[in-house]
Amino acid sequence: MWNAIRPTTRNLRIWQVGVLVILFLLWHVLTKPGLIPPLFFDSDNDAKFFFGEPVKILLRIWDWFIVDRDIYQHLWVTLLETVLAFAIGTVSGLIMGMWLALSPLAAAILDPYIKAMNSMPRVILAPIFAVWFGLGIASKVALGFTLVFFIVFFNVYQGVKEVSPTVLANARMLGASRRQLLRHVYLPSATSWVFSSLHTSVGLAFVGAVVGEYLGSSRGVGYLILQAEGTFDINTVMAGILVLTAFALVLDGIVGRVERHLMKWQPRAGETEKL
Amino acid sequence: MTAALSLQDVSCTFVSRDDRSQRYTAVSNVTLDVAPGEFVSVVGPTGCGKSTLLNVAAGLLEPSSGAVRVFGEPLVGINRRAGYMFQTEALMPWRSARDNVLAGLQFRGLAEKDAAALADDWLKRVGLTGFGDRYPHQLSGGMRKRTSLAQTLVLDPDIILMDEPFSALDIQTRQLMENEVLELWAAKRKAVLFITHDLDEAIAMSDRVVVLSAGPASHPIGEFVIDLARPRDVAEVRVTPRFIDLHKAIWNVLREEVLKGYAQQKQAA
């Protein structure tokens, strides 16, 4: 019996789903009033109040997506903010990183400021951005940008610095001009570093969007969560968190796909296709 | 006749970045000519500045003093008439073998179609037909070296600089590659400056062998004309009496330097 369901590489997915189901069941059993005597709280209803009820949370999500169809506009706004922050942050991080890595003097001058801006707790900028850019999507994009930019920037900076000197010398001997070196050596070399940072930064772009919404907005999933919290509607808060998590996973998956496509030149561990 | 490549009184002194008073003179007063079509090898103990010399000839490194002339013209910047085969991995890992071979043509602005045709032709010449789409990490060490060779030679350089190109290969692959290089060289007769620490390889391949002294401040201390008949097979030529005589004569000069270099390295360690 055990041998049939033992975890192997083949039934990995089933086991992954199984863990999720068990977690939800546990959650359900522990929070459903009257199902088991209260273990920790004084009253039967307290667990439900603090942790929500998975059935109601799933129903809430069902309502959002199928019955009322009112989450789409919020989700759209949040995703738009995330994607904009991610795209703008990545591109400017890439450009700045390349520029500073290739002009040591500029890097030396700006070094303390970059370090200062990176170590600053940038989430605190959200209220300022709200004042500058209003309560629309621009202030959230700005917050996400500040989070994404530095991660990509530092990775590109590092990537350009660590280009193999031999590959570089070889390209120069093959007649590459400065611009061609940039396009054909520095950029591809830096992209491998960029991609390792993109998984982190897509998550942070999401954080920027949601935190920005949470601090002041009229639309977005962060706004929904804030509203629900105002009325102690813990089920809706949890539902919002679940939806956000699912979409963060989707975004991360997309980045992973693009990475696999663009990075196919990189050897992967365990790959033994050599001739 | 003007030399294809001519180093005149070249010295290279490196200054430590952290401490300006720390200096290291890698090579000093090196004068070396390579005639068009001539295959010259430079041998010397490890760490004697052989690669430094090659980098100077390539224009990647400016000598502290002395002059470099390429076909009579003083060298400024990168040596455009030279192709360079590096000791370590120099292929761009993000390009397939074919794209690596056509990189130089692409940099020179050749039309994509012509470049691809030339690259395929050279892949065929180095025996890599059918491997053009593979990335460097999917090729064996010998195949990567052959790709490098094609990458350098596809540009048809007048001077070929080689820095211990086969030192990382096993002995069989190495002899195959040496013969291949000799064959390609015989067809085109370019000037070659070949750096190696392997005396057998140097004698088997070259017209002339230059022996460098141990560093620091290494300089040529001997020059031998290799009058073995061509075409040669690097494996067969090694057992001819003339080869053995030459080997003995050059080794007599080289041995002391090797010991000196070894002693210095041991001291430093």
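Trainee: Which residues in H4(A) meet residues in H12(A)?
Mentor: Lys56(A), Ile57(A), Arg60(A) and Ile61(A) of H4(A) meet Asn235(A), Thr236(A), Met238(A), Ala239(A), Leu242(A) and Val243(A) of H12(A). Two residues are in contact if their C-beta atoms, placed from the backbone, lie within 7 Å. Helices (H or I, at least four residues) and strands (E, at least two) are DSSP runs, numbered from the N terminus.

Trainee: How do the residues of that contact of H4(A) with H12(A) divide?
Mentor: Six are nonpolar, two polar and two charged. Ala, Val, Leu, Ile, Met, Phe, Trp, Tyr, Cys and Pro count as nonpolar, Asp, Glu, Lys and Arg as charged, and the others, Gly among them, as polar.

Trainee: And at what angle do the axes of H4(A) and H12(A) cross?
Mentor: The axes of H4(A) (residues 54–67) and H12(A) (residues 234–262) cross at roughly 65° and come within 9 Å. Axes are lines fitted to C-alpha atoms, for helices over the stretch in contact, with angles from 0 to 180 degrees between N-to-C directions.

Trainee: Before I go on, what kind of model is this?
Mentor: This is a predicted model: local features need pLDDT of at least 70, side-chain atom pairs count only at pLDDT 80 or more, and totals for chains, interfaces and linings use all residues. Residues are numbered from 1 along each chain as its sequence is written, while chains are lettered from A and ligands numbered from 1 in the order in which they are written.

Trainee: What is the mean pLDDT of chain A?
Mentor: The mean is 86, and 97% of the residues of chain A reach 70 or more; pLDDT is the predictor's confidence in each residue, from 0 to 100.

Trainee: Where in chain A does pLDDT stay under 50?
Mentor: It does so over residues 271–275 of chain A, for which the model has four contacts beyond four places in sequence. Where pLDDT is low, the predicted coordinates should not be read in detail.

Trainee: Changing topic, how many residues of each chain does the contact between chain A and chain B take?
Mentor: Chain A gives 17 residues and chain B gives 22 residues. On the side of chain A that touches chain B, the largest share, six residues, comes from H9(A). That side divides into ten nonpolar, four polar and three charged residues.

Trainee: What about the sheet in chain B: what is the order of its strands?
Mentor: The order is S2-S1-S4-S5 in an open sheet of four strands of chain B, with antiparallel pairing. Two strands pair if DSSP finds at least two bridges between them. Strand S2 (23–34) and strand S5 (73–74) of chain B are the edge strands, each pairing on one side only.
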